[in-house]
Amino acid sequence: MSEKIAKLEINGEKYEFPVIEGTENEIAIDIKNLRGSTNGVITIDPGYKNTGSCESAITFLDGEKGILRYRGYAIEDLAEKADFLEVAYLLIFGELPTSKQLAKFHKDIKAQSIVDDDIKKIIDAFPKTAHPMGVLASLTSALTAFNPSSVNVDSEEEMYNAIVKILGKFPVLVAWAMRKKQGLPLDYGNSSLGYVENILQMMFKKPHEEYKLNPIVVNALDKLLILHADHEQNCSTSTVRMVGSSHAGLFASLAAGISALWGPLHGGANQAVLEMLEGIREDGGDTKKYMAKAKDKSDSFRLMGFGHRVYKNFDPRATIIKKAADEVLADLGVEDPILDIAKGLEKEALEDSYFVDRKLYPNVDFYSGIIYRGMGIPTEMFTVMFALGRLPGWIAQWREMRLRKEPIGRPRQVYIGENHREFSKISDR
Ligand code: SDX
C-alpha cells in the first residue's frame with residue numbers, strides 16, 4: 001500500500017510529509033521534519049486542539065461517537081464487570097490480570113501502603129483551611145524526599161516497585177488530606193480489606209467506633225474510580241508526560257499532574273459543579289437565569305460540568321454516572337434536591353440551541369459530585385477523588401512515555417515582541 005503523504009506549499013515551495021495511521025484509523029501528519037525542511041516554518045495551535053503529542057496504546061476516545069476504551073476494552077464493560085485494581089493493572093501493564101497476578105499485585109501494594117511517619121509533620125504544618133488538592137500535591141512531591149532513588153525505567157523490577165509503592169501510599173495521602181481538615185487522627189485502615197474498601201475505612205473510620213462498610217458505597221466508589229482512571233492526553237496527563245519527559249521522577253511528575261487537575265476547567269470542575277448547583281438552589285432554583293448567564297458572552301459564568309474538548313456527543317462516563325447517581329442515592333435513602341436541579345439544568349441545556357449548536361453535553365464532572373456527596377465525601381475532596389481514580393492512568397502514560405524513550409517536551413513559539421533595540425542608561429530613561 002503506497003505511503004500516504006500530505007502536501008504543503010509555502011511561498012511557492014512544495015513540501016511533502018508522511019501521514020501516519022493508528023489502529024482506529026485516525027490519521028496524523030508527521031511534521032517531525034517540518035522546521036528543518038522549510039527553513040524554520042513551524043505550526044501553531046493554542047490549546048493543542050488539533051495537535052497530537054504522542055502515539056499511545058493505552059486509551060482510545062472517539063468524541064463524535066462517545067466511545068471510551070482502556071486497552072481496547074469498552075468503559076461500559078469495565079465499569080460493570082471489573083474492579084478498580086484490575087483496571088489499574090490493565091492500564092499500566094496492558095492486559096487484564098489473572099486472579100493470581102491480581103492477588104500478587106494487591107499483596108505487593110499492601111506491603112507498600114505505609115508512609116514515613118515524618119509525613120505527618122508536613123501535614124501538621126498545613127492550616128485546616130488548606131485545599132486538599134494543594135495538600136495532596138505537596139505530600140506526593142514530598143514522597144520523593146522519602147523515596148529518593150529515581151526509577152531506572154529499563155529495569156522492570158524497579159519500575160514495578162515504584163508503581164506498587166505509589167499505588168500503596170497515595171490512598172493514605174488522600175485519606176489523611178481529608179482527615180486533617182476534619183481534625184481526625186490519621187488512620188491506616190485495615191490491610192485485610194480490599195483496595196477500595198480500605199480507602200473508605202481510612203477516610204471514614206471514627207476513632208471510637210467500628211467502621212461498617214456499605215457495599216453500595218464500595219461499589220459506587222469502585223465504579224467512579226474506574227470511570228476516572230484514564231482519558232488519553234488530557235491536560236493533567238499531558239502534564240505528567242511533559243514533566244516526565246525531562247526524566248524527572250514518577251512522584252514529581254504525578255505531583256505536577258495533581259496541580260494541573262486542580263483547575264476548575266479540568267478536574268476541579270466536579271467541585272465547581274456542586275458549588276454552582278448549590279448556588280442555583282440558594283437562588284431559588286432558577287435554572288433559566290443561570291442558563292442565560294452561561295450564554296451571555298459578557299458574563300464569565302460557565303455551566304460547569306458541561307462541554308468537553310473531545311466529546312462532541314455524550315461523555316459515556318456521564319451516562320454511567322448519572323444512572324449510578326439515581327441508584328446510589330435511592331439505595332442510601334438520600335433525597336438530594338441538587339440531583340433534581342442537575343437533571344433540570346441538563347434537560348434545558350439539551351433543548352437549547354446555544355448548547356446544541358456547540359455540542360455541549362454533560363461531562364464526567366457533572367454528576368460525579370452528587371454521588372460523592374451522597375457518600376459523605378466533602379465537596380473540597382471531590383477533585384482529590386478524581387486524582388485517586390486518575391492515578392493508574394497517569395502511571396501508565398508516564399511509563400509508556402519513558403519506555404518509548406520519547407524526547408524531552410519543548411514546544412516552539414512565534415515571537416511577537418519588540419525587535420532588537422539598544423540598551424539605554426537609567427539616567428536617559
Ligand atoms: C475534564 O480533556 C479531558 O479529557 C478532560 C477530562 C478527563 O477525564 O481528563 O474529561 C476531565 O476536565 C472534563 C471537563 C471539565 N470542565 C468543565 O466542566 C468546565 C466547563 N467546561 C468548559 O470550560 C469547556 O467546555 C472545556 C474546558 C471543558 C472545553 O473547552 P474548549 O474545548 O477549549 O472549548 P471552548 O472553551 O473553546 O468553548 C467552545 C464554545 C465557546 O463559545 P463560542 O466562543 O464558540 O461562542 O463553547 C462555549 C465557549 O464559550 N462553552 C461553554 C461551555 N463550554 C464551552 N459555554 C458555557 N458553558 C460551558 N460549560
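**Salt bridges, ligand and loops**

Me: Hi! Is D336 buried or exposed?
Reply: D336 is buried, because its relative accessible area is 10%. Buried stands for under 20%, exposed for over 50%, and partly exposed for what falls in between, using a 1.4 Å probe and protein chains only.

Me: Anything I should know about the model itself?
Reply: This model is predicted, so local features need pLDDT of at least 70 and side-chain atom pairs count only at pLDDT 80 or more, while totals for chains, interfaces and linings use all residues. Residues are numbered from 1 along each chain as its sequence is written, and side-chain values use heavy atoms, with hydrogens and water left out.

Me: Back to D336, which side chain does D336 meet in a salt bridge?
Reply: That partner is R373, with 2.9 Å from N to O. A salt bridge here is a side-chain nitrogen of Lys or Arg within 4 Å of a carboxyl oxygen of Asp or Glu.

Me: Where do R373 and D336 sit along the chain?
Reply: R373 belongs to helix α17, whereas D336 is in the loop between α14 (316–332) and α15 (337–350), and 37 residues separate the pair in sequence. Helices (H or I, at least four residues) and strands (E, at least two) are DSSP runs counted from the N terminus.

Me: Which residues do the shared salt bridges join into one network?
Reply: The network is made of E278, R281, D336 and R373.

Me: How far apart are the closest N and O atoms of E278 and R373?
Reply: They are 2.5 Å apart, in another salt bridge. This one links distant parts of the chain, from E278 in helix α12 (residues 269–282) to R373 in helix α17 (residues 364–374), 95 residues apart.

Me: Why does R373 count as partly exposed?
Reply: Because its relative accessibility is 24%. E278, on the other hand, is buried, with a relative accessible area of 18%.

Me: How many salt bridges does the structure hold?
Reply: There are 28. One of them is between the side chains of E400 and R241, at 3.1 Å from N to O. E400 is in helix α18 (residues 382–403) and R241 in helix α10 (residues 235–244), so this pair ties together parts that lie 159 residues apart in sequence. Both partners, E400 and R241, are buried.

Me: New topic, the ligand. How many residues surround the ligand?
Reply: The count is 25, and the closest are H231, R302, H308, R309 and R317. A residue is included if one of its heavy atoms lies within 4 Å of the molecule.

Me: Any polar contacts?
Reply: Yes, taking a polar contact as a pair of N or O atoms within 3.5 Å; within protein, one must be able to donate a hydrogen and the other to accept it, and residues adjacent in sequence count only if both atoms are side-chain atoms. A ligand oxygen is 2.6 Å from an N or O atom in the side chain of H308. A ligand nitrogen is 2.9 Å from a polar backbone atom of F306, and a nitrogen of the ligand is 3.0 Å from an N or O atom in the side chain of Y354.

Me: How much of the ligand's accessible area does the protein cover?
Reply: The protein covers 79% of the 1,100 Å² that the ligand has on its own. Accessible areas come from the Shrake-Rupley method with a 1.4 Å probe, and for residues only the protein chains shown count as cover.

Me: What about the backbone, what is the phi of E232?
Reply: E232 has a positive phi of about 45°, although it is not a glycine. E232 is placed in the loop between α9 (215–227) and α10. K359, also not a glycine, has a positive phi of about 50°, and K359 is in the loop between α16 (353–357) and α17. K359 counts as partly exposed because its relative accessibility is 40%.

Me: Last one, which domains is the protein divided into?
Reply: Domain 1 covers 5–52, domain 2 covers 75–263 + 380–404, and domain 3 covers 268–375. These bounds come from an automatic or database domain assignment. The C-alpha centres of domain 1 and domain 2 are 37 Å apart.
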